[in-house]
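Me: I am new to this structure and would like to learn how to read it feature by feature. Could you take me through it slowly?

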Amino acid sequence: MSTQDPRGDSQTPEELLAETDSVLGSDTPATGETAAVDKTQEMTPHERAEQTQPPAEHTGELPSTKAGSGMSAGMWVSLILGAVIVVLLLIFILQNNVPAEFQYFGWQFELPLGVAMLFAAIGGILIAGIIGSVRIFVLNRKLRKINKALGR
């Protein structure tokens, strides 16, 4: 009888046990060899379960995670930071409403200075976003090619 492992290799139970022992560093002998009988092999299933019970001081609570390490915490921090930046931008626009004259490729127009700077910031964000998106697309294509070559 053989079993199919996740890598697609066919292994007999003895080979699978030997591989598991080598990975886990077990002292138990490989197939066909005899050794001193392990105490856990002589125990009944109930005795083994009692041996694996948590220590008496265990309260049954889940281990605590450090505060602020989750994805939702990062989202809240970025949302609050974004709201603060928007408020600061609005204050800047309201305080800098002096008209400024602009010339761009033959066009000539006037805008409040704060609005013009806001448009410049939005344009920079859009350019950075487009470049970042192209880079992510290229990396995803490379990753798909690598996964396909590995047979995943």
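The dialogue below goes from the overall layout to a pocket, a loop and a surface patch.

Reply: Before we begin, note that this is a predicted model, in which local features need pLDDT of at least 70 and side-chain atom pairs count only at pLDDT 80 or more, while totals for chains, interfaces and linings use all residues. Residues are numbered from 1 along each chain as its sequence is written, and side-chain values use heavy atoms, with hydrogens and water left out.

Me: How many helices and strands are there in the chain?

Reply: Helices (H or I, at least four residues) and strands (E, at least two) are DSSP runs, numbered from the N terminus. Here the chain has 5 helices and 4 strands, and from the N terminus on the elements run β-β-α-α-α-α-β-β-α.

Me: What percentage of the residues in the chain is buried?

Reply: Buried means under 20% relative accessible area, exposed over 50%, and partly exposed in between, with a 1.4 Å probe and protein chains only. Of the 152 residues in the chain, 5% are buried.

Me: Which residues line the largest pocket?

Reply: On a 1 Å grid over the protein atoms alone, a pocket is an open set of points where a 1.4 Å probe fits, with protein on both sides within 12 Å along at least five of seven lines, and lining residues have an atom within 4 Å of a point. In this model the lining of the largest pocket consists of F102, Q103, Y104, F109, L111, A116 and F119. The elements giving two or more residues to that lining are β3 (99-104), β4 (107-112) and α5 (113-150), and β3 supplies the largest share, 3 residues. F102, in strand β3, is partly exposed because its relative accessible area is 26%. F102 and A116 are 14 residues apart in sequence and 9.0 Å apart in space, C-alpha to C-alpha.

Me: Where is F105 placed, and is F105 buried or exposed?

Reply: F105 sits in the loop between β3 and β4, and F105 counts as exposed because its relative accessibility is 72%. The phi of F105 is near 50°, a positive value in a residue other than glycine.

Me: Which residues form a nonpolar patch on the surface?

Reply: Patches are made of residues with over 30% relative accessible area and no salt bridge (a side-chain nitrogen of Lys or Arg within 4 Å of a carboxyl oxygen of Asp or Glu), and nonpolar side chains (Val, Leu, Ile, Met, Phe, Trp, Tyr) are joined within 5 Å. Here W76, L79, I80, V84, V87, L88 and I91 form such a patch, with about 710 Å² of accessible area together, an area found by the Shrake-Rupley method with a 1.4 Å probe. L79 lies in helix α4 (residues 71-95) and counts as exposed, because its relative accessibility is 53%.

How values were computed. Patches are made of residues with over 30% relative accessible area and no salt bridge: like charges are joined within 9 Å, nonpolar side chains (Val, Leu, Ile, Met, Phe, Trp, Tyr) within 5 Å.
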